[in-house]
Amino acid sequence: MSDPIGAARASLGGLSTAGLEQDGAKRYTVDIGKGAPTEGAGSFGETMTGFINQVSDAQDQAGALRDALLRGEHVELHRVTSAAAEARIALDLMVELRNKVLDAYRTLVNMQG
């Protein structure tokens, strides 16, 4: 099987991605319906609550960085913009997920009626 990422990395002259994973990049996870339920796994509501909390934390962090920049504290501008972009993307993902859940609910209601 081909490795397109490895081929692209090789064509760029050995560009290293070391450190990118350790740069504080946030990961948003929503594990719904993957595999068999395991002991200790949360319910759908707990999973959604956790995801909403992650989105809220991202927005809080972006707001805190923006406020620190506005107060004149030493905050790099790219960190503020990337935090704001992360928060926006996380919110967009949450809204799309909500829309999909509502669509599924409406489909189930229409099937019963």
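This passage describes the helices of one protein chain and how two of them pack together.

The model is predicted, so local features were considered at a pLDDT of at least 70 and side-chain atom pairs at pLDDT 80 or more, whereas totals for chains, interfaces and linings use all residues. Residues are numbered from 1 along each chain as its sequence is written, and side-chain values rest on heavy atoms, with hydrogens and water left out.

The overall plan can be stated briefly. The secondary structure of the protein chain comes to three helices and zero strands, where helices (H or I, at least four residues) and strands (E, at least two) are DSSP runs numbered from the N terminus. Read along the sequence, the pattern is α-α-α. Of the 113 residues of the protein chain, 13% count as buried; here buried means under 20% relative accessible area, exposed means over 50%, and partly exposed lies in between, with a 1.4 Å probe and protein chains only. Contacts, meaning heavy atoms within 4.5 Å, were also sorted by distance along the chain. Among those with a separation of 6 or more, 53% join residues 24 or more positions apart.

Two helices, α2 (44–70) and α3 (77–112), deserve a closer look. α2 has 27 residues and reaches 39 Å from its first C-alpha to its last, close to the 39 Å expected at 1.5 Å a residue. The expected span of a helix is 1.5 Å times one less than its number of residues. For the 36 residues of α3 the expected span is 52 Å, and the end C-alpha atoms of α3 are 53 Å apart, which agrees. Just after α2, Gly72 takes a positive phi of about 90 degrees.

How do α2 and α3 lie against each other? They pack at an angle of about 155 degrees, with their axes 9 Å apart. That makes α2 roughly antiparallel to α3. For these values, axes are lines fitted to C-alpha atoms, for helices over the stretch in contact, and angles run from 0 to 180 degrees between N-to-C directions. Angles under 35 degrees count as roughly parallel, over 145 as roughly antiparallel, 65 to 115 as roughly perpendicular and the rest as oblique. α2 passes α3 in a left-handed crossing, a term used if the near helix is turned anticlockwise from the far one by less than a right angle, with right-handed used if clockwise.

Many side chains take part in this meeting of helices. From α2 come residues including Phe44, Met48, Phe51, Val55 and Leu69, and they meet residues of α3 including Leu77, Val80, Leu91, Met94 and Val101. The buried residues of α2, among them Thr47, Met48, Gly63 and Ala68, pack against α3. In α3, Val80, Ala83, Ala87, Ala90 and Met94 are buried, and what covers the buried residues of α3 includes α2.

The largest nonpolar core has eight residues: Ala58, Ala62, Leu65, Ala68, Val75, Val80, Ala83 and Ala87. Such a core is a set of buried Ala, Val, Leu, Ile, Met, Phe, Trp, Tyr and Cys residues joined through side-chain atoms within 4.5 Å. Both α2 and α3 supply at least two residues of this core, and the largest share, four residues, comes from α2. In soluble globular proteins, nonpolar side chains tend to be buried together.

Individual residues help to fill in the picture. Val55 is in helix α2 and counts as buried at 2% relative accessibility. Although Val55 and Leu91 are 36 residues apart in sequence, their C-alpha atoms are 6.2 Å apart in space. Leaving aside neighbours within four places in sequence, Val55 is in contact with Ala90, Leu91 and Met94. Phe51, also found in α2, is buried at 0% relative accessibility. The C-alpha atoms of Phe51 and Ala90 are separated by 9.2 Å, with their positions 39 residues apart along the chain.

Is Leu77 buried or exposed? Leu77, which lies in helix α3, is exposed, with a relative accessible area of 54%. The C-alpha atoms of Leu77 and Arg66, 11 residues apart along the chain, are separated by 8.9 Å. Ser82 also lies in helix α3 and counts as partly exposed at 37% relative accessibility. Between the C-alpha atoms of Ser82 and Ala62, 20 residues apart along the chain, the separation is 8.4 Å.
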